[in-house]
Every structure is written in C-alpha cells, then in structure tokens.
Amino acid sequence: MTTYLVTGAAGFIGANYVHYLVDLEPDARIVAVDYLGFASNLPNLDPVADRVEFLRADVADFDQMVALYREIMPDYVVNFAAESHNDRAILDPTSFVHSNVSGAQALLECSRQVGVRSHLHVSTIEVYGELPPGQDSFNEASSLNAKTPYSAAKAAGDQLVRAYMQTYPDMNIRMTHCANNYGPYQLPEKLIPLMITNVLRGRKVPVYGDGLQMRDWLHVTDHCAAIHTVLHADLGPIPAEAATNPALLPIFDISARHEISNLEIVHVVLRHLDLDPAEWIEHVADRPNHDRRYLIDPSKLEQELGWRPEREFESGLAETVRWYVDNRAWWEDVLAAKGNLQVDWSTR
Ligand SMILES: NC(=O)c1ccc[n+]([C@@H]2O[C@H](COP(=O)([O-])OP(=O)(O)OC[C@H]3O[C@@H](n4cnc5c(N)ncnc54)[C@H](O)[C@@H]3O)[C@@H](O)[C@H]2O)c1
C-alpha cells in the first residue's frame with residue numbers, strides 16, 4: 001500500500017489535495033498533518049475523515065516529525081505547511097520564518113534521514129517578486145527576488161530545497177511554484193472568498209488601492225493535478241549543469257496563464273451574484289509594499305510532463321462563487337471561530 005504524508009492538510013490547498021488523493025487513489029494510506037494554526041480549518045477534512053489519519057503537529061518540530069516518519073514510513077511527502085497570508089506576515093513575520101523556513105528544512109531532513117520515494121515542496125510564484133516593466137513572465141530560471149515577509153520566508157525555504165536538491169541529488173526532491181489559487185475551502189481572508197462572504201452578509205467589497213494589481217489565477221484542482229504529476233514523474237538524475245542553471249533542477253512553475261486585475265475579478269464575482277459593482281465596491285487603503293504584477297510561465301511543466309489546466313477561468317470562478325453560496329454554514333463557522341478577517345491598513 002502506498003503511504004502519503006500531506007502536511008498543512010487542514011488549510012486550503014492541502015485539504016483540496018487530500019480530497020483529490022482520496023478520489024484518485026482509494027487504496028492509499030493518507031496521513032495528514034497540521035499544527036492547526038490561524039489559517040487552518042480542520043472541518044475542511046470532514047468529507048474525507050474516514051479515509052485520512054490526522055495528526056496535530058508542528059512540521060518544524062524535527063523530533064516529532066522524524067518519529068512520525070519512522071512510524072508510517074511515507075512513500076511520498078507533499079509539504080503544503082506554511083503561513084501564507086501576506087497581510088498577516090506584515091503584522092507577525094516571525095511565525096512565517098518558523099513554518100516556511102524551519103518547517104521546510106525539518107521535513108527535508110526527515111526525508112533525507114528516513115528515505116522516501118519523492119518529496120515535493122510546494123512553493124509560490126511570489127518568491128520571484130514583482131515583474132519588471134517589459135518582462136512577460138517569470139520561469140524556473142528567474143532569480144528569487146522576494147520583497148514581502150511572506151515571500152521572503154517562502155524564498156528562504158526555496159533556497160534550502162535547492163541546496164538539498166544539489167547536495168543530496170538521490171533524495172528525489174521536487175518543488176513547484178504556483179500562481180494564485182481559487183476554489184472551495186479557502187479562508188475568507190483571501191480576496192475571492194472575502195469578497196463573496198462580504199456581499200453574502202450585505203457588506204461592501206474592499207478593494208486595496210486602485211485595484212489594478214495584476215494577478216495570475218489557477219483553479220485549486222488544476223494545482224492539485226499539477227502537484228500529483230510532478231510528485232510521480234520519472235525525472236532522471238539532476239544534470240551537473242543545474243549547478244549554474246536552476247531551470248535544470250526538478251522545479252516546475254504552474255499557471256493557466258490567466259492574468260486579471262484585482263478590480264476586474266471583483267467585477268466578475270459581483271456579476272455572478274447579479275450585483276452592481278458601483279454599489280458594492282469600496283476602495284480602501286492598500287497594504288504596504290503590495291506587489292503590482294506577477295505572471296509565471298508553465299511551459300516546462302507542459303512540455304516535459306504534459307500537464308495542462310482543465311478548468312476554464314469563467315466557469316471555474318462561477319462554480320466557486322456557487323460553492324460559497326451553497327456552503328454558508330462552512331464559512332459562517334470559520335468567521336465565528338476566527339472573528340473579522342479583514343485588515344484595515346488605514347489604522348495600522
Ligand atoms: N493560496 C495560494 O494561492 C497559493 C499559491 C501558490 C502557492 N501556495 C503555497 O501553497 C501552500 C498552501 O497554501 P494555502 O493557501 O493552502 O495556505 P493555508 O494558509 O490555507 O494553509 C496552510 C496550512 O499549513 C498549516 N501550517 C502552517 N505552519 C505549520 C507548521 N509549522 N506545522 C504544521 N502545519 C502548519 C496551517 O495551519 C494551515 O492549515 C503554501 O506553502 C503556500 O505558500 C499557495
């Protein structure tokens with residue numbers, strides 16, 4: 001029986017990946033770990049609770065993690081565990097370094113000491129920073145140029161992953177950088193669920209600054225499929241030239257090449273809810289140091305591993321809006337447990 005260890009499994013993408021795995025590999029053993037931090041929501045795993053073993057643990061706690069590895073002997077490890085919200089990273093950078101750097105390293109070290117078939121570290125487009133004018137997109141060869149506490153902590157985790165890939169090439173480590181995700185089970189502190197849950201409660205939608213920040217969007221199920229493809233790909237040895245060319249490392253950038261401004265996406269969501277943007281949008285103070293634009297090129301993943309996104313943006317977004325409308329109890333419980341998730345930067 002194949003055993004998967006999925007960390008950060010009570011968060012948005014981790015939970016979606018566990019659901020995806022349960023469907024795809026009904027016979028697999030799935031061990032889900034999460035320290036149940038602020039962004040987590042254990043009920044995200046309720047629909048698959050009878051198929052998953054859950055452990056509350058901090059991935060940065062090496063002793064606990066290595067004991068878990070020795071007990072379950074995972075074949076595959078997928079690390080989603082991270083603090084992930086840019087706004088909260090500005091208010092509390094330290095917890096981001098703990099999870100995104102120390103946590104990433106502790107898991108790499110467990111995989112090195114115990115041995116696994118492959119270890120996939122989930123990273124983000126944001127490690128590349130902001131696209132300079134005149135450049136179309138980032139790719140695996142782009143320099144890391146993080147400029148926010150969240151993306152800097154993720155980039156530090158990336159550097160450790162790259163160092164482990166180069167130093168221990170037989171470990172079979174892979175890493176992905178993905179565009180912004182949307183879909184079910186996303187905490188309503190992030191743009192899309194925040195705006196939907198606001199209007200469903202009769203509140204206006206806050207748009208940071210002019211709303212012209214450009215973002216690259218992918219449905220979470222397409223992200224899960226890309227991760228699974230990379231995790232299982234037969235990649236062969238890392239070539240010596242990878243020492244100076246990171247595009248040759250087992251790193252894959254994931255995107256549907258769907259770029260849209262934050263303001264436009266608010267308009268699309270309001271249209272799906274039959275609401276007039278003029279009445280429902282409120283421009284509010286932007287958060288400091290907000291990236292203006294980033295876009296990532298998935299050509300390597302498409303050409304080498306044959307992955308393609310399957311969800312078209314308009315219908316994927318319409319379905320997502322419908323999910324939050326239909327699952328009001330889910331987000332009302334989240335809001336009751338966590339309080340107001342909207343940050344007011346005019347008073348900070
Ligand atoms: N959301 C996106 O659009 C997006 C895009 C690209 C990449 N990513 C990456 O995907 C991963 C998952 O993102 P998400 O949106 O699901 O985030 P999320 O915040 O919804 O979930 C992260 C989960 O990790 C858990 N966690 C954090 N630190 C931990 C620790 N030390 N030990 C155990 N559990 C811990 C949290 O409790 C939470 O449940 C992150 O690494 C993020 O950088 C996210």
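**Exercise 1. Determine which element contributes the largest share of the shell around the ligand, and characterise that shell.**

Solution. Strand β5 makes the largest contribution to the ligand shell, with three residues. The model under study is a predicted one.

Step 1. The shell as a whole numbers 29 residues, and the closest of them are Asp-34, Ser-84, Ser-99, Tyr-150 and Lys-154.

Step 2. At least two shell residues come from each of α1 (12–24), β5 (118–124), α5 (149–167) and β7 (180–182).

Step 3. By residue class, the shell comprises 15 nonpolar, 10 polar and four charged members.

**Exercise 2. State which distances separate oxygen atoms of the ligand from polar atoms of Ser-84, Asn-181 and Phe-80, and how much of the ligand the protein covers.**

Solution. Step 1. For Ser-84, a polar side-chain atom is found 2.6 Å from a ligand oxygen.

Step 2. For Asn-181, the partner is a backbone N or O atom, at 2.8 Å from an oxygen of the ligand.

Step 3. For Phe-80, a polar backbone atom and a ligand oxygen are 3.5 Å apart.

Step 4. On its own the ligand has 830 Å² of accessible area, of which the protein covers 97%.

**Exercise 3. Describe the largest nonpolar core and identify the element that gives the most to it.**

Solution. Step 1. As a general background, nonpolar side chains in soluble globular proteins tend to be buried together.

Step 2. The largest core here holds 35 residues, and the members touching the most others are Tyr-4, Val-6, Tyr-17, Val-18, Val-78 and Phe-80.

Step 3. Each of β1 (3–7), α1, β2 (29–34), β4 (76–79), β5, α7 (220–232) and β10 (251–254) provides at least two residues of this core. Helix α1 gives the most, namely eight residues.

Step 4. Val-6 illustrates the packing: beyond its neighbours within four places in sequence, its contacts include Tyr-17, Val-18 and Leu-21, together with Ile-30, Val-31, Ala-32 and Val-33, and also Val-78 and Phe-80.

Step 5. A separate second core has 29 residues, among them Leu-187, Trp-217, Leu-263 and Val-266.

**Exercise 4. Decide whether Gly-8 is buried or exposed, and locate its spatial neighbours.**

Solution. Step 1. Gly-8 sits in the loop joining β1 and α1.

Step 2. Its relative accessibility is 12%, so Gly-8 counts as buried, the limit being under 20%.

Step 3. Apart from residues up to four places away in sequence, Gly-8 touches Gly-14, Val-33, Asp-34, Phe-80 and Ala-81. The C-alpha atoms of Gly-8 and Ala-81 are 3.7 Å apart, although 73 residues separate the two in sequence.

**Exercise 5. Find how many residues of helix α6 are buried.**

Solution. Step 1. Helix α6 spans residues 191–200, and eight of its 10 residues are buried.

Step 2. The buried residues include Ile-192, Leu-194, Ile-196 and Val-199, as well as Thr-197 and Asn-198.

Step 3. Just after α6, Gly-202 adopts a positive phi of about 80 degrees.

**Exercise 6. Examine the positive phi values of Met-73 and Asn-172, and classify the exposure of Met-73 and Asn-172.**

Solution. Step 1. Most residues other than glycine have a negative phi.

Step 2. Met-73, which is not a glycine, has a positive phi of about 45 degrees. Met-73 belongs to the loop between α2 (62–72) and β4, and its 44% relative accessibility makes it partly exposed.

Step 3. Asn-172, likewise not a glycine, has a positive phi of about 65 degrees. Asn-172 occupies the loop between α5 and β6 (173–178), and with a relative accessible area of 33% Asn-172 is partly exposed.

How values were computed: Residues numbered from 1 in each chain as written. Predicted model: local features only at pLDDT ≥ 70, side-chain atom pairs only at ≥ 80, totals over all residues. Heavy atoms only, no water. Near = heavy atom within 4 Å. Polar contact = N/O pair within 3.5 Å; in protein donor to acceptor, adjacent residues only side chain to side chain. Areas by Shrake-Rupley, 256 points an atom, 1.4 Å probe, with all protein chains shown as cover. Helix = DSSP H or I, 4+ residues; strand = E, 2+ residues; numbered from the N terminus. Nonpolar A, V, L, I, M, F, W, Y, C, P; charged D, E, K, R; others polar. Core = buried A, V, L, I, M, F, W, Y, C linked by side-chain atoms within 4.5 Å. Buried < 20%, exposed > 50% of the residue type's maximum accessible area, 1.4 Å probe, protein only. Contact = heavy atoms within 4.5 Å.
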